[in-house]
Amino acid sequence: MRMTRRGPSRSGWRSSRRRRSARSSVMLRRPRFVDSRPREERFRLPLLESFPSPPLPSLHPSSLPRSRTCTHRDRGRHHHPRRASAAEVEAAEEEAARLARKEAKRLKREQRRLAAPVEEESTLIPTDNVDRPPHLPSRSPTPVVDIEPITQEEPAPLLRLPGAMRPAAPSKKTLSDLNVHESVRNKRVVDPEMKVKIKGEELGVSEKGKKRLAEMGITEAFAVQTAVLPLLLPPGSPTYLYSAFAPPQDLCVSAPTGSGKTLSYVVPIVETLAPRVVTRLRALVLLPTRDLVAQVRETFEQFGKGTGLKVGTATGQHSFAHEQVSLVGDNVDESIEGGSSQIDILIATPGRLMDHIRATPGFSLQHLRYLVVDEADRLLTQSFHDWLPSILAALKPSSATDVLVERNGGVADALAPEWWDAKIGRVASDLDVRSQPSCQKLLFSATLSRDPAKIDALHLHRPIYISVEDALDPHAEDEGVDSELKFTFPAQLKEHMIFSPSTHKPLYLFHLLHTLSLSSALCFTKSVEAATRLAKLVEFFEQARADTVKDGEEVKKVVVKAYSSELPSGERTRILASFKKGDIQMLICSDLISRGIDLPHVSHVISYDIPADMRKYVHRVGRTARAGKAGDAWSLVEDQEAAPFKAIMTSAQHIQKIARVRVKDSLVEPFMPAYQTALEKLRAHFATGQAKNDATA
Ligand SMILES: Nc1ncnc2c1ncn2[C@@H]1O[C@H](COP(=O)(O)OP(=O)(O)OP(=O)(O)O)[C@@H](O)[C@H]1O
C-alpha cells in the first residue's frame, strides 16, 4: 500500500515542503508510501473517543513518530486530529472490539453476582423453610434482585467514627484551684455565725478551763473556736503530751480579723500542758511584732492562771543576757538531757528566736508539742535569716543540723521520741520503729496564704484547713477571684469611701472627726513620717478651731496622737494605755499596728492614705468590728489614688461592698479658716526645726 503525505492545504503544504527540504534531507530520503484506496476511505478517521474505557493510548502528537504526524509548524498552528494510517485504523478497531468484548463479559459477571442470594441475609432472616411465627408475613423463597448498573449502586454507609473533639476548656475556678494547696481545696468551711456554749461538752474544755473562761467573761465560743477546740482537745479522750507513733494532724486556720483566733490556740495549749510535771519548752508561738507578743502573753497568763505554767517572751525588748536567763536559767546544767528550760511556753518574734537557737546554751526545741505561727501569712513572707528551715530543723535533728544540735547541748531526751534515732546515745535495735514528730503545727491568719509552695515549706503533716467564711457569700467561690488569697471580713463591719481632691483631704478628715463624733479611732497613713506630720496638723487645727470659738462657748478638742515604731517602747505603752482609757480619741499610725493588735473598743478605722494592697486593707479595717461588735471603716481616696484603690478592691471583688459617700462642700467650708491657720503653723513648725526637737525629746 502506497501512502502519500497530505497537508491541510496545497499551498501551505508546498511552502512547508520547500522550507523542510532545505532543513532536513534525512526526512526526504525516507521511503514514500502511496495509498491506493479511494479518497473517502483514505480520509476516514477512526472514532477513537466512541469506545468505552479503558482509554486507548494517547494520540497526542508528541507520543507519535515524527514522520507520521504533521509538521511542527502545522501542529503548532492547527489543532485538528491527525489522520491515522489504514494499518493503525485496523489495529485500533481490533483493540476496540477486544475491549468491548471484555467489558461486556465483565458486565455479565456483575449481573450474575448481584442475582445471587445474599448470604448474610439468609442467615438472619427466617425463610419459608424454617418454622415461622404465624404473625410474620411469609417470605418469597427466592429474592428478586433488580440488576442495576454498578455505577448506580449506593455504597453501604460507613460506620461513623467519632470525630476529633476539642476538650472543654477548664473553668477559671479549676485553673485557680491548680494553684491552691490540696488541703485548701478540701477545706472545712465554718459559718461565722456559729456559736457554742462553753458549758457544754462538745468543745473538750475541762471544768477548770470553763471556769477560767467564765472569769474572763467568755460564755460562748466563737466560730473559729468551735472548729479548732474539738480538734485539739478531742472530747472524751485524753490529750497526750507526746504521741510519736500517732502524730497529730497539723492545722491551717483562716478566720476574719477579731474573730477570736488567739483563744482558739491558747485554750488547747494550756489545757494540754497543764498536767505536765517537768518544765520543758513545749509550746512556741511565733508572731511578727513585739506588741503582738505582749498581747498574746497577756491572754496566756489570763487563761493559764492557776495552772503553774510558765510563759516567757523573746522579742529583743530586753537585753540578750536577760532573755537567756529567763529562758534557760543563769546556771545552765549541761548534763541535763535535751537542754534546760525555765518556761513551758515561749512567745517570740522569729529573729530573736533564731539568736537564741544559735547562741543560748541549753536552749532546745526538741520537746515542742505545739508550734504556733500566728499572722502566718506575714511571717512566711519574711526571711529573718531563714528562720523557718532553721526552726523546722531544730524540731527534728538531722545531719544538716548537727551543728545546732551540738551547740545546744543537743542530747536526745527520752521525752522527745523523734530525736531517738537521730542521736547515737544508744544502740538501735530491730524493734525500733522510726517515729514521727509529735510537734503539732498550727497556722493562723486572717489572710492565710493558699499558695502551695508556702504551705509546703512548713512540712505540714496531713494538714486540715479550716476557713471561717460565709458560705452564702455570693463572692465566696466566685470564679476568677485571686487564687492565692481569699479575704473574709467581720460581718458587722461597714465600709465607706470618699473620693477627694488632694487639697480637700484634710478637710474631709476634720469632717469625719467632728460629724461622726469619733471617740476611738485609728487613722492609717502610708509612712511613719506621714503619720507624724498629719498628727501635728490635726493638733494645730484643733487648737485653731478652739481659738476661734466665742467666749463662753464650750469647745471639746479632739485629742490625736501619732503612734509609730520610732517611739520608745515605754512611750508606746503609755499612748496605748491612754487610748484604751479614752483620753486619746484618735491614733494616727503607719501599718505597724494594723496587724493583730487587739484594741476592742476601736469604733472607726480611717485609711487616710490608701493601703498598698488588699492584705493591708483587711488588717487595717480589721482593727474595728472585733469580737462581734459593730465598726466602721472609711477610706479617703485622693484623685490620683482612685485608680489603684479601685483596682485593688475590684481584683478582690470587694469594691461593691464599699459604700461611696459624697461630702458637700458646704459641710467642709466651715473648717477652712482653722485649716489655713493650722497649715501655717505646720510650715513654721517644720521650718524652725521644732519637729526635730520634738522627736529627740
Ligand atoms: N468567745 C469569745 N467571746 C467573747 N469575746 C471573745 C471570744 N473570743 C475572743 N474574744 C475577744 O475577741 C477579741 C479578738 O480576739 P483575737 O485578738 O483573738 O482576734 P483575732 O482573730 O486573733 O484577730 P486578728 O486577726 O486581728 O489578730 C479579743 O478581745 C478577745 O478577748
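Which helix or strand gives the most to the shell around the ligand? In this predicted model, local features need pLDDT of at least 70, side-chain atom pairs count only at pLDDT 80 or more, and totals for chains, interfaces and linings use all residues. Residues are numbered from 1 along each chain as its sequence is written, and side-chain values use heavy atoms, with hydrogens and water left out.

The answer is α11, with three residues. Both α11 (261-273) and β3 (220-221) supply at least two residues of the shell. Helices (H or I, at least four residues) and strands (E, at least two) are DSSP runs, numbered from the N terminus.

In total, 20 residues surround the ligand, each with a heavy atom within 4 Å of it. The closest are Glu220, Gly258, Lys261, Thr262 and Asp598. By class, the shell holds seven nonpolar, seven polar and six charged residues; Gly counts as polar, and Asp, Glu, Lys and Arg as charged.

Domain 1 (186-400 + 414-425 + 433-468) and domain 2 (493-694) both contribute to the shell, so the ligand lies between them. These bounds come from an automatic or database domain assignment.

Three side chains make polar contacts (pairs of N or O atoms within 3.5 Å). Asp598 places a polar side-chain atom 2.5 Å from a ligand oxygen atom. For Arg626, a polar side-chain atom lies 2.8 Å from an oxygen atom of the ligand. Gln225 has a side-chain N or O atom 2.9 Å from a ligand nitrogen atom. The protein covers 85% of the 630 Å² of accessible area that the ligand has on its own, by the Shrake-Rupley method with a 1.4 Å probe.

Key. Polar contact = N/O pair within 3.5 Å; in protein donor to acceptor, adjacent residues only side chain to side chain.
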